[in-house]
Amino acid sequence: MALPAALSVLFAAASLSSLPAQGPGGMPPSPVRYTEAKEYPVRRTIQLPGSVESRTVSLVAGEVEGLVAKLEAREGDTVRKGQVLARLRTASLELALQAAAAQLKEAESRLKLAEINLARARDLAASQVVAQQELDNATYDLSAWQGRVETLQAQIARIRLDLELSVIRAPFAGLVVSERTEVGQWLAEGGPVIELLALDDLEVRVEVPERFFTNLNPGAAAAVVFESLGGLSVAGRVSAVVPRADPEARTFPLKVTIPNREGRIGVGMLAHVTFPAGESYRATVVPKDAVVTQGRERFVYRIGDDGTAQLVAVTPGQGVGDWVAVEGELKPGEKVVTRGNERLRPGLPVRGELLEYRLP
C-alpha cells in the first residue's frame, strides 16, 4: 500500500539522515547558495479581485446648435485637454457678425451726433434761445443711442462666443471611446458629440465582503497587480469606501485610485488588490526562492551544523517583497538554501555560499 506524501517525505528524511557527510558513494558536497532566515514584522493582508474604471467619464456636448462641418477626433484617438474634437459650420454666424458690426458703426456715429446735439441744446437753453422740450428731446435721443450701442456690443459679444463654441474642444485629456455625431448631421444645442474618458485618472472598484469592511479606510495603501500586463504592480490608495452593501452579495464597494502615467492600464482590466489588515506581528521569514513545492507539500532545506541538507516542512504565509513568512520548525538565524535546492535530498552534504536578499 502506498504511503501518504507527508509520510514518504519523513521516511526519506529518516533513511538518508544516516548517510556519511561525503554523500553516497563518496560524492563531494553539493555547492549551494544560502540565506539566513530572519525575524521581521509582518502585517496580515487581504487580497480581492477588482476592475479598472475611469474616475472621469464625460459625454462631451455642443453648447450651440449647428451643422457638423468636421469631426476632428475619432473613436480610439487620444486627445489633449483643449484639443479640437469637432467644428460646426459658422457661415451664418460670420454673416450675422458682419451685419451687427455695421449696425454698431452706424449707432456709434449716431451716438456721437447725439452728444453734439445735446451739448448745443444745453448752450441754447442756457441762453433761453430754445425751449426746455428741445433740451429734453436731445437728452432722450442721446440715451436711446447709448442703449442701442450697448445692445449691439452685447449682440456682437454673443455672436463671437457662439463662433468660439462652434469649435468643440476636449475638456480634459483622455481617450475617445465613442462618436455620437457625424459630418453633415445637425447638432442641437446640448447634443452629444463624443464620449471621452480620462486614462490618467483611474480607479479600481473592489467588492469587499462585510467581514473585512471595518478593516479598510480611506487613505489606506493598496498594492494593485495586473496579471494581463505581465504582473505589473502599482501602488494605489483607497479613495472611498461606500457604506452601502449590495443586498444580495453583501459586499461593499471600495475604490482604489492608481496612477497610469504610461497609459498601459486600460479601463475594464481585471486586477488583484492587496490591502493591509490588522496589526503587524513578528514572523520568521525566508526568501521565496527557498520554498520548494512538491505536490501539496511545502518545505525548505536547512543547512545543519554537520553541513548536510535538512528537510523542514513549512506553511508559507504573508509575502514581504522577495520574502515570505513561514510557520514550521525553523528559527531566525538558521541557514536556508535558496539556490541549488531543487537537486537536494535530505542528508546530502552541501557546501554553502552566502547570498544576500534585501528586506523591504
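This passage describes a long helix, several paired strands and the largest pocket of a predicted model.

Helix α2 covers residues 91–126, a run of 36 residues. From its first C-alpha to its last, α2 reaches 53 Å, which is close to the 52 Å expected at 1.5 Å a residue. A series of residues in α2 is buried, namely L93, L97, A100, L104, A107, L111, A114, L118 and A121. The cover over these buried residues includes helix α3, residues 132–165. Just after α2, the backbone at Q128 takes a positive phi of about 60°.

Strands of a sheet pair through backbone hydrogen bonds, and the pairing is either parallel or antiparallel. One open sheet in the model consists of four strands in the order β3-β10-β8-β5, and the pairing is antiparallel. Its edge strands, β3 (57–61) and β5 (78–79), each pair on one side only. Between β5 and β8 (residues 174–179) there are two bridges, and these two strands run antiparallel. Here V79 stands opposite G174 of β8.

Strand β18 (309–320) has pairing partners in both β17 and β19. With β17, residues 297–303, the pairing is antiparallel and extends over five bridges. In this pair, F299 has A313 of β18 as its bridge partner. The hairpin of β17 and β18 has five residues between the strands, and among them G307 takes a positive phi near 80°. With β19, residues 323–328, β18 again pairs in the antiparallel sense, over five bridges. V314 has G328 of β19 as its bridge partner. The hairpin of β18 and β19 has two residues between the strands, and G321 in the turn has a positive phi of about 65°.

Strand β18 also takes part in lining the largest pocket. This pocket has a volume of about 470 Å³, and its lining is made up of 20 residues. Those nearest the pocket centre are T45, A223, T274, Q318 and G319. Two or more lining residues come from each of β2 (38–54), β12 (221–226), β15 (270–287) and β18. The most is given by β2, which supplies six residues. By residue class, the lining comprises twelve nonpolar, six polar and two charged residues.

Key:
Residues numbered from 1 in each chain as written. Predicted model: local features only at pLDDT ≥ 70, side-chain atom pairs only at ≥ 80, totals over all residues. Heavy atoms only, no water. Expected span 1.5 Å × (residues − 1). Buried < 20%, exposed > 50% of the residue type's maximum accessible area, 1.4 Å probe, protein only. Contact = heavy atoms within 4.5 Å. 1 Å grid on protein atoms, 1.4 Å probe; cavity = no way out; pocket = protein on both sides within 12 Å on 5 of 7 lines; lining within 4 Å. Points joined across faces, edges and corners; volume = space filled by probe spheres on them. Nonpolar A, V, L, I, M, F, W, Y, C, P; charged D, E, K, R; others polar. Pairing = 2+ DSSP bridges.
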